[in-house]
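Me: I have a structure open and would like to talk it through with you. Can we start with the ligand and then move around the chain?

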Amino acid sequence: QTDNLTELENLNEETLLNELKARYDRDQIYTYVGEILVAVNPFKTIDGIYSDAKAAIYKDLGDRSVAPPHIFAVADAAFSAMINNTGEAANQVAVISGESGAGKTESAKLFMKHVIYLSSLVAGGLEEKIIQLNPLLEAWGNAATLRNDNSSRFGKFVQLRFNDQHQIQGAVMADYLLEKSRVVSQGEGERNFHVFYLMFAGMNPDELEKYNLVDAAEHAYLNGNNEAIAEIKSPQMKALYKELADCIEDVGFTTEEKNDMWAILAGVLLTGDIEFAGEDEAYVVSADDVMNKACTQLGIVQDALTEALTCSINIMRGKAFRKYKPFEAEGARDAMSKALYGKTFRWIVRRVNQLLGPKRKSKALTDKDIGILDIFGFECFDLNSFEQLLINLANERLQQFFNNFIFKMELDEYAKEGIDGSQIDYEDNEELLQMIMAKPAGLLSLCDEEAKMPKGSDVSMTEKFHAELGSNKGYTRPRGNDLKFTIHHYAGKVEYSSDGFLDKNRDTLPIDVVGALRLSDNNLVRSLFDGDADDAKAAKKGKAKRDVANARKSLRMSMKKAAKQAAKSNKKTVGLEFKESLVSLMDEMSKASPHFVRCIKPNHAKKPAIFQNDMVTDQLRYTGMLETTRIRKEGYAFRPTFGDFLNRFKMLGFPFGVNPPVNEVSCGKVLDVAGCKGWQVGKTKVFLRYFHMDELNEKFKPFPAVRSGCRSLFVWA
Ligand SMILES: Nc1ncnc2c1ncn2[C@@H]1O[C@H](COP(=O)(O)OP(=O)(O)OP(=O)(O)O)[C@@H](O)[C@H]1O
Ligand SMILES: [Mg+2]
């Protein structure tokens with residue numbers, strides 16, 4: 001038995017898998033592979049595994065091998081490295097990856113909890129509030145999917161910032177690519193974001209009435225899933241609502257902000273109930289009451305919303321210059337709901353950063369931080385669209401980061417030391433990344449170019465892809481004229497359907513809808529759409545008597561301003577924004593020492609005690625683990641400097657009391673005398689294979705005192 005699989009004598013795909021399985025069967029869900037922690041999801045509570053007593057063990061460990069592998073050990077290593085280093089070397093980042101349901105978010109929470117535990121041993125702080133954020137983020141950002149009952153539908157990068165006493169001074173968070181489309185429709189057996197159900201579960205009848213809500217089953221955006229509706233009455237849901245409400249309170253949102261948030265949620269749900277009919281020209285068929293409730297919650301004038309959703313208005317002349325067909329009106333309605341939800345989520349993240357971020361004035365604040373990345377794993381479904389492309393791009397880039405760390409550092413070190421590393425090969429994915437990210441002819445740039453053209457279409461965009469990228473070895477065009485293309489990712493080939501790319505990339509809201517929302521008297525709605533309080537007041541004048549003319553006039557004025565703002569703001573496409581946030585994330589990460597946690601989902605059933613070999617093997621490949629084990633085995637596992645090596649082993653080659661010169665000759669002599677074969681000496685370091693340490697230690701047994709004193713020198717560099 002070994003806790004670190006790189007120590008296995010014969011490490012290959014099969015032994016790696018068998019070892020993980022055997023450990024899993026014994027409830028040992030954590031395993032080291034070199035520096036990397038593999039975490040196999042137990043899908044059950046394992047007694048005492050995260051107890052306070054356990055936490056106390058993983059404190060100042062120094063040498064990780066003295067305690068069983070654990071996520072707390074990774075947190076401890078990161079925290080110690082942060083304390084003991086200065087400059088960029090002090091920054092740490094936990095890179096947590098794996099497929100949906102593998103346990104990334106749980107691992108991220110445990111990692112953070114332990115860092116907070118370690119830091120509050122030094123002194124108290126904001127820790128409670130930071131932990132409390134999870135219910136808020138998960139209510140808004142998580143949903144039950146087929147793969148995970150609590151699936152994060154966004155990526156997040158949290159950085160904990162520290163002062164010179166190593167106490168937490170604040171937390172800053174970035175979010176990536178919330179799956180807004182879930183608000184308006186969910187796949188078979190899946191659910192909307194948790195927060196919608198929690199409202200019904202926890203609010204008392206008076207509160208529900210205030211938000212014009214009665215019964216969750218009535219709402220189109222929720223009524224696809226009866227099981228979810230039935231569960232609303234469960235005590236667990238009530239408790240979760242309470243947790244959420246407490247969190248909103250404790251983190252520091254104002255009462256007004258809180259009311260506005262709930263009103264937006266209710267407004268979105270009620271908007272989903274607005275139905276349209278008509279042959280060519282859409283009109284609202286829902287009862288007046290339905291429209292009225294939605295408008296009440298969103299704080300907008302009913303006639304303005306009706307106009308905005310059923311026609312496109314000519315800003316100059318104030319007339320409808322084109323009436324929508326019913327499906328277009330539905331599109332405008334859903335686009336509005338998605339935008340409201342997505343922008344509110346963004347706002348929550350921004351607001352949380354204000355409330356919990358480090359106070360700049362604080363003199364004690366250092367540049368030291370510990371980041372935690374919990375981001376969607378590689379995805380390959382039957383149908384892959386624009387979202388999958390972005391998600392897989394992020395994974396491709398993260399894989400490069402991982403490769404760079406493991407392989408390139410290895411090769412660079414060999415090169416720097418002038419030793420032969422030719423037996424190690426390394427597949428770089430830079431070319432593929434360039435194919436997607438490069439300007440001006442990379443895939444995303446081509447998407448953007450097409451998005452800017454008034455007559456752009458998915459068809460002409462796909463043709464451009466084929467023409468510009470067709471000669472790349474990482475790209476295959478389809479046989480016929482289907483709107484498809486295939487990318488050869490590090491984890492496998494993925495066929496993408498480019499149908500709908502253009503709209504998803506543009507992600508625009510009809511200007512008429514923006515015009516209406518800018519006039520909201522819900523402060524939050526209005527600020528999300530850059531509205532103006534005076535305009536909103538003026539718009540309300542005719543509200544009581546249903547003054548269509550006034551509504552239309554205000555709407556047109558508001559649209560004019562919205563158009564001006566849009567022209568000035570130079571709104572970025574979804575692809576460009578994602579690319580930029582990925583670049584800045586990687587920039588941040590490149591300034592930190594990474595700690596990799598690879599989460600593995602052992603079965604599709606989300607059940608304990610089932611370990612499906614084929615599934616796990618795929619994931620070991622996706623996460624780069626198979627490559628890692630190979631390289632670590634083939635490379636040089638230990639590489640002390642000449643000085644460190646001689647300090648420890650000189651007695652094997654030189655008489656007691658002699659201090660040999662610190663150079664390659666002296667080191668070589670020690671290794672020759674010890675009978676080791678296959679090592680190399682570089683310019684400053686000795687490169688030893690994993691078995692050399694055993695050979696040297698074997699010879700060195702008579703000197704135990706010296707040995708233990710030098711132990712910490714021999715870590716994987
Ligand atoms: N260490 C653990 N101990 C017990 N159960 C766990 C552990 N890690 C994960 N689980 C179980 O697995 C479920 C899924 O985990 P989690 O939500 O962390 O997955 P994820 O990788 O974040 O997935 P997604 O990408 O969908 O967000 C959890 O809700 C929990 O039931
Ligand atoms: Mg998650």
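**Around the ligands**

Reply: Gladly, and a good place to begin is helix α4, which supplies the largest share of the shell around ligand 1, namely three residues. Please keep in mind throughout that this is a predicted model.

Me: How many residues surround ligand 1, and which are the closest?
Reply: There are 17 residues around ligand 1, and the closest of them are Ser100, Gly101, Lys104, Ser151 and Ser152. Sorted by class, the shell consists of four nonpolar, nine polar and four charged residues.

Me: Which atoms make the polar contacts, say for Ser100?
Reply: For Ser100, a polar side-chain atom sits 2.6 Å from an oxygen atom of ligand 1. Lys104 uses its backbone instead, with an N or O atom 2.8 Å from an oxygen atom of the ligand, while Thr105 places a side-chain N or O atom 2.8 Å from an oxygen atom of ligand 1. Taken on its own, ligand 1 has 630 Å² of accessible area, and the protein covers 82% of that. The elements giving two or more residues to its shell are α4 and β5.

Me: And what coordinates the magnesium ion?
Reply: The magnesium ion, ligand 2, is coordinated by OG1 of Thr105 and OG of Ser152, at 2.0 to 2.1 Å. These two residues join distant parts of the chain, since Thr105 belongs to helix α4 (residues 104-122) and Ser152 to strand β5 (residues 151-152), 47 residues apart.

Me: Is Thr105 buried or exposed?
Reply: Thr105 has a relative accessibility of 10%, and therefore counts as buried, given that the cut-off for buried is under 20%.

Me: Changing topic: what does the chain look like overall?
Reply: Its secondary structure comes to 29 helices and 18 strands, and the C-alpha atoms fill a box of roughly 105 × 55 × 50 Å along the principal axes. The radius of gyration is 29 Å, which agrees with the value near 27 Å that a compact globule of 717 residues would have. Of the 717 residues, 54% are buried.

Me: Any helix where I can see that burial residue by residue?
Reply: Helix α24 (residues 613-622) is one to look at, as Met615, Val616, Thr617, Gln619 and Leu620 are buried there. After α24 comes Gly624, with a positive phi near 80°.

Me: Where does Leu133 lie, and how far is it from Ile248?
Reply: Leu133 lies in helix α5 (residues 127-141) and is buried, because its relative accessible area is 8%. In sequence Leu133 and Ile248 are 115 residues apart, yet their C-alpha atoms are 8.4 Å apart in space.

Me: Which residues other than glycine should I check for a positive phi?
Reply: Two to check are Asp60, with phi about 50°, and Leu177, with phi near 50°. They deserve a look because most residues other than glycine have a negative phi. Asp60 is in the loop between α2 (52-57) and α3 (71-84), and Leu177 in the loop between β7 (168-176) and α6 (194-202).

Me: Buried or exposed, those two?
Reply: Asp60 counts as exposed because its relative accessibility is 56%, whereas Leu177, at 22%, counts as partly exposed.

Me: Last one: where is the cis peptide bond?
Reply: The bond from Lys439 to Pro440 is cis, with omega near -5°, and Pro440 is found in the loop between α15 (430-437) and α16 (443-452). For context, most peptide bonds are trans.

How values were computed: Residues numbered from 1 in each chain as written. Chains lettered and ligands numbered in written order. Predicted model: local features only at pLDDT ≥ 70, side-chain atom pairs only at ≥ 80, totals over all residues. Heavy atoms only, no water. Donors = N, O, S within 2.8 Å, 3.2 Å for Na, K, Ca; no water. Helix = DSSP H or I, 4+ residues; strand = E, 2+ residues; numbered from the N terminus. Buried < 20%, exposed > 50% of the residue type's maximum accessible area, 1.4 Å probe, protein only. Near = heavy atom within 4 Å. Polar contact = N/O pair within 3.5 Å; in protein donor to acceptor, adjacent residues only side chain to side chain. Areas by Shrake-Rupley, 256 points an atom, 1.4 Å probe, with all protein chains shown as cover. Nonpolar A, V, L, I, M, F, W, Y, C, P; charged D, E, K, R; others polar. Rg over C-alpha atoms; globule rule 2.2 N^0.38 Å.
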